[in-house]
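This report introduces a two-part reading of the structure shown below, beginning with one residue and moving outward to the contact between chains, the sheet and the charged pairs.

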Amino acid sequence: MTMFSSRNWREYPHRYRLEATKFTKSGKTYFPKRMVDPVTGDTEQEMVTLPETGKVITYTIIQIAPPQWGDQAPYALAVVELTDGTRLMAQMTDCDTTKVKIGMEVRIEFRKIQAEADHGVISYGYKFVPKWY
Amino acid sequence: MREVCVVGVGMSKWGEVWRQSLRCLHTEAALNAIKNAGVDHLDSMYVGCMTSGLFVGQEHLASLLTDYMGMPGLPATRVESACASGGLAVRSAFIEVASGISDIVMASGVEKMTDCSGDEATDALAAAADQEYEVFHGATFPGLYAMMAHVHMAQYGTTRDMLSAVAVKNHNNGSMNPDAQYPFKVTKERVESSVMVANPLRILDCSPITDGAAAVIVTTVDIAKKLGKPYIKILGSGIGTDTIQLAQRDDMATIKAATIAAAGAFKMAGKKIGDMQFAEVHDCFTIAEIMVAESIGKYKPGKAGPAFLAGESALDGAFPINSSGGLKSKGHPVGATGVAQVVEVYKQLTGQAEKGRQIPNSPKIAMAQNMGGSGGSSVVHILEVA
């Protein structure tokens, strides 16, 4: 799918700065940002920035990849729970994919995610790396 | 609400059907269903299709398909809920007949998946996941179910053996189904040596890319009796949704949308899971059959896998699951799957399943569970033979 620049930069607050929504009533943080708390229906909120460390809740190793990532396969993809309880999905990088495990401690780094062939948009965002790396 | 039933069913050829286009596949299934039911007209039609726009560049299906069925002008609606689009078409037809708006409604489903490259098909299917927060990061559908599988294994000790048992059993059932795309048996060893797609899921844990269509005629019990054809009642219909992003779910080892859909269908039917004698469920991946069997309440979390290993879900087991071969062996033309599940339940409840595949002791009541994406939606129907 063609990546239009507006579609890409619209997500910068999430992908570049890890901006999330914290709802007043529940105190719960959601990423990406939402207008309504799905549990309480609350709309009163503040913008918070996500913590940058957490642990792997689940993972897989993508062996057969979509074309944009064909030259990176196999790569690990994980759902991580950050120290504030927020969960998000991203690729694991700078690690031996065979060593990825549930419970592994990771931190977030800013990385290139994908590039369209030749003259297309280059998209950046977050990936997970082992905490000790 | 009026009593509603299914009085006739039809299928197109399923598989890599290079000689037939989307409109041909749908017309074949629709005409088969109309002939099978013996109806002389339809009042309206609902067609389920996930993403013909991405697969073949064709939208506006309701008009195109009624025209090619030889019924231009027929009130028709296309419905979409990813891979649960077919189930949603059945539900929509059920509601229209139950409400008294129409008397004879066709529910159909279609997907033409091989008129594009494998990469394009992967992109099209990924439209059912969260584009900005899953697909953007390199997630694939096998990858999402693989992540659910790892949680299930960690929480409940689910094993490779249990996943393999699902594939072996469904291919055994499908080997006796003339409509199946892959009507061959597989051994545990073959499943476990097949190529890894997304750990821990191998290619023989995955349902295939399929061209195909299915249709059922939904009408009132009074009309079905006049037609003099075998019919089954739709006792209950339920639908549920959940966040499509896996990461946003509290428990990734259960499918909440299926739990909600099943509860809704049981409540409407005045039945409970213990009343069901068999089920067609959405085994897009082997782990999905295990998770769905638990999510609809048939087994406690972590207990479906061991029960499957003990043979409970086999054709002659205590609770047969996917007598058709399931998505795994029969094939998975996404929009058609939910309708084809009802076709299978109809054949089983009216004693018309093929030799070797008929569930013993003439079952009377069953359920069909259809699912969208990685569990972002689900539709359940409870069906009973009159």
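A:Thr58 touches A:Leu77, A:Ala78, A:Val79, A:Ile102, B:Met147, B:His150, B:Val151 and B:Met252, where residues up to four places away in sequence are not counted and contact means heavy atoms within 4.5 Å. This is a predicted model, in which local features need pLDDT of at least 70 and side-chain atom pairs count only at pLDDT 80 or more, while totals for chains, interfaces and linings use all residues. Residues are numbered from 1 along each chain as its sequence is written, chains are lettered from A and ligands numbered from 1 in the order in which they are written, and side-chain values use heavy atoms, with hydrogens and water left out.

A:Thr58 belongs to strand β4 (residues 53–62) of chain A; helices (H or I, at least four residues) and strands (E, at least two) are DSSP runs, numbered from the N terminus. With a relative accessible area of 0%, A:Thr58 is buried, a word that stands for under 20% relative accessible area, whereas exposed stands for over 50% and partly exposed for values in between (1.4 Å probe, protein chains only). A polar atom of the A:Thr58 side chain lies 2.6 Å from the backbone oxygen of B:Met147.

**The contact between the chains**

In total, 30 residues of chain B are in contact with 36 residues of chain A. B:Tyr133, B:Phe136 and B:His137 supply 27% of the area that chain B buries against chain A, more than any other three residues. The area buried between the two chains is about 2,900 Å², of which carbon and sulfur atoms give 57%; buried area is the accessible area (1.4 Å probe) that two parts lose on being put together, summed over both. There are 2 salt bridges between chain B and chain A, a salt bridge being a side-chain nitrogen of Lys or Arg within 4 Å of a carboxyl oxygen of Asp or Glu. On the chain B side, α5, α6 and β5 (196–198) each supply at least two residues that touch chain A, and α6(B) gives the most, with 7 residues.

**The sheet of chain B**

Chain B holds an open sheet of 9 strands in the order β3-β2-β4-β7-β1-β8-β11-β10-β9, with mixed pairing, where two strands pair if DSSP finds at least two bridges between them. Strands β3 (76–79) and β9 (279–280) of chain B stand at the edges with a single partner strand each, so one side of each is left without a neighbour in the sheet.

**Salt bridges**

Over all chains, the count comes to 24 salt bridges, and the table lists four pairs, including one between the chains.

| Pair | Closest N to O |
|---|---|
| B:Glu132 and A:Arg7 | 2.7 Å |
| B:Arg78 and B:Glu59 | 2.7 Å |
| B:Asp205 and B:Arg160 | 2.9 Å |
| B:Lys347 and B:Glu354 | 2.9 Å |

B:Asp205 lies in the loop between β6 (201–202) and β7 (212–220) of chain B and B:Arg160 in helix α7 (residues 160–174) of chain B, so the pair ties together parts that are 45 residues apart in sequence. B:Asp205 counts as buried, at 0% relative accessibility, whereas B:Arg78 is partly exposed at 24% and B:Glu59 is partly exposed at 41%. B:Lys347 is buried, with a relative accessible area of 13%, and B:Glu354 is partly exposed at 22%; both residues belong to a network of salt bridges that also links B:Asp179, B:Glu344 and B:Arg357.

Methods: A polar contact is a pair of N or O atoms within 3.5 Å; within protein, one must be able to donate a hydrogen and the other to accept it, and residues adjacent in sequence count only if both atoms are side-chain atoms.
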